[in-house]
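Hi,

Here is the structure I promised to send over. Have a look at it first, and then read my notes below.

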Amino acid sequence: MLHPHEGHGPEMAVPENDGSLAYRLEDYMLSGSFLMQLNEFVMKHMNKFEDVVGGEHPHEWHDLFLEYEQMLNHRVEAFLKAEGVSAEQAVAACERAKAAGNKDYKFFEYLAAAVEYERFYSVMLEFKSGKRNVQQWWKCFNREY
């Protein structure tokens, strides 16, 4: 199945519910309100980013990272508290799941971008280039059960 962030269509592979922290985080991140909030942030700021290989990054980009970090922290605070884990631990669990062959974990990458500036910068460049796209966020819910 295709991933809507890549702009190829409404279908996406859904991780199998194995009861893991990775699955629970992915499921939690897949919400309409989050995707709308993410889209609003991205549309407002993505054109401010440039690919500056080896160059200096403007302070504004780091300020936007801090704004994004705060937005994500607010969004997942209750989830992390209920799970008794940090954002870094939750992201690591998803990365282990992906490394183990489950390539369907994708939404956790937005939390990962709130943990590390370089990931945030890369994600913003991917949105700007069109590699990622959540403008039609509702298509993420076309799941077959």
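**The enclosed helix, H5**

Seven of the eight residues of H5 are buried, so this helix is largely enclosed by the rest of the structure. Before you go further, please keep in mind that this is a predicted model. The buried residues in question are Phe108, Glu109, Tyr110, Leu111, Ala112, Ala113 and Ala114. What do they pack against? The buried residues of H5 pack against H1, H2, H3, H4 and H6.

**How H3 and H4 sit on it**

I looked at two of those partners in detail. Let's take H3 to begin with. H3 covers residues 59–83 and H5 covers residues 108–115; they pack at an angle of about 130 degrees, and their axes are 8 Å apart. That angle makes H3 oblique to H5, and the crossing of the two is left-handed. On the H3 side the contact is made by Phe65, Tyr68, Glu69, Leu72 and Val76, while H5 brings Tyr110, Leu111, Ala113, Ala114 and Val115. Sorted by class, the residues of this contact come out as nine nonpolar, no polar and one charged.

Now for H4, which runs over residues 87–99. H4 and H5 pack at about 135 degrees, with 9 Å between their axes. H4 is therefore oblique to H5, and the crossing of H4 and H5 is left-handed. From H4, the residues in the contact are Ala87, Glu88, Ala90, Val91, Cys94, Glu95 and Lys98; from H5, they are Phe108, Glu109, Leu111, Ala112 and Val115. Here the split for H4 with H5 is eight nonpolar, no polar and four charged residues.

**The core**

The largest nonpolar core in the model has 44 residues, and those with the most contacts inside it are Met29, Tyr68, Tyr110, Leu111 and Phe120. Helices H1 (21–29), H2 (32–45), H3, H4, H5 and H6 (117–129) each supply at least two residues of this core. Which helix gives the largest share of it? That is H3, with nine residues. As general background, nonpolar side chains tend to be buried together in soluble globular proteins.

Tyr68 is a good place to start if you want to click around. Leaving aside residues up to four places away in sequence, Tyr68 touches Leu38, Phe41, Tyr110, Ala113, Ala114 and Phe120. Two of the names on that list, Tyr110 and Phe120, also appear among the core residues with the most contacts.

**Two residues in H2**

Phe34 lies in helix H2. Is Phe34 buried or exposed? Its relative accessibility is 0%, so Phe34 counts as buried. Again setting aside residues up to four places away in sequence, Phe34 touches Met29, Leu72, Arg75 and Tyr110. One more pair to look up is Phe34 and Met71: they are 37 residues apart in sequence, and their C-alpha atoms are 9.8 Å apart in space.

Asn39 is also found in helix H2. Asn39 has 16% relative accessibility, and because the cut-off for buried is under 20%, Asn39 counts as buried too. With the same allowance for residues up to four places away in sequence, Asn39 touches Val134 and Gln135.

Happy to go through any of this with you at the bench.

Cheers

Conventions
Residues numbered from 1 in each chain as written. Predicted model: local features only at pLDDT ≥ 70, side-chain atom pairs only at ≥ 80, totals over all residues. Heavy atoms only, no water. Axes fitted to C-alpha atoms, helices over the stretch in contact; angles between N-to-C directions. Helix = DSSP H or I, 4+ residues; strand = E, 2+ residues; numbered from the N terminus. Parallel < 35°, antiparallel > 145°, perpendicular 65-115°, else oblique. Left-handed = near helix turned anticlockwise from the far one by under 90°. Contact = heavy atoms within 4.5 Å. Nonpolar A, V, L, I, M, F, W, Y, C, P; charged D, E, K, R; others polar. Core = buried A, V, L, I, M, F, W, Y, C linked by side-chain atoms within 4.5 Å. Buried < 20%, exposed > 50% of the residue type's maximum accessible area, 1.4 Å probe, protein only.
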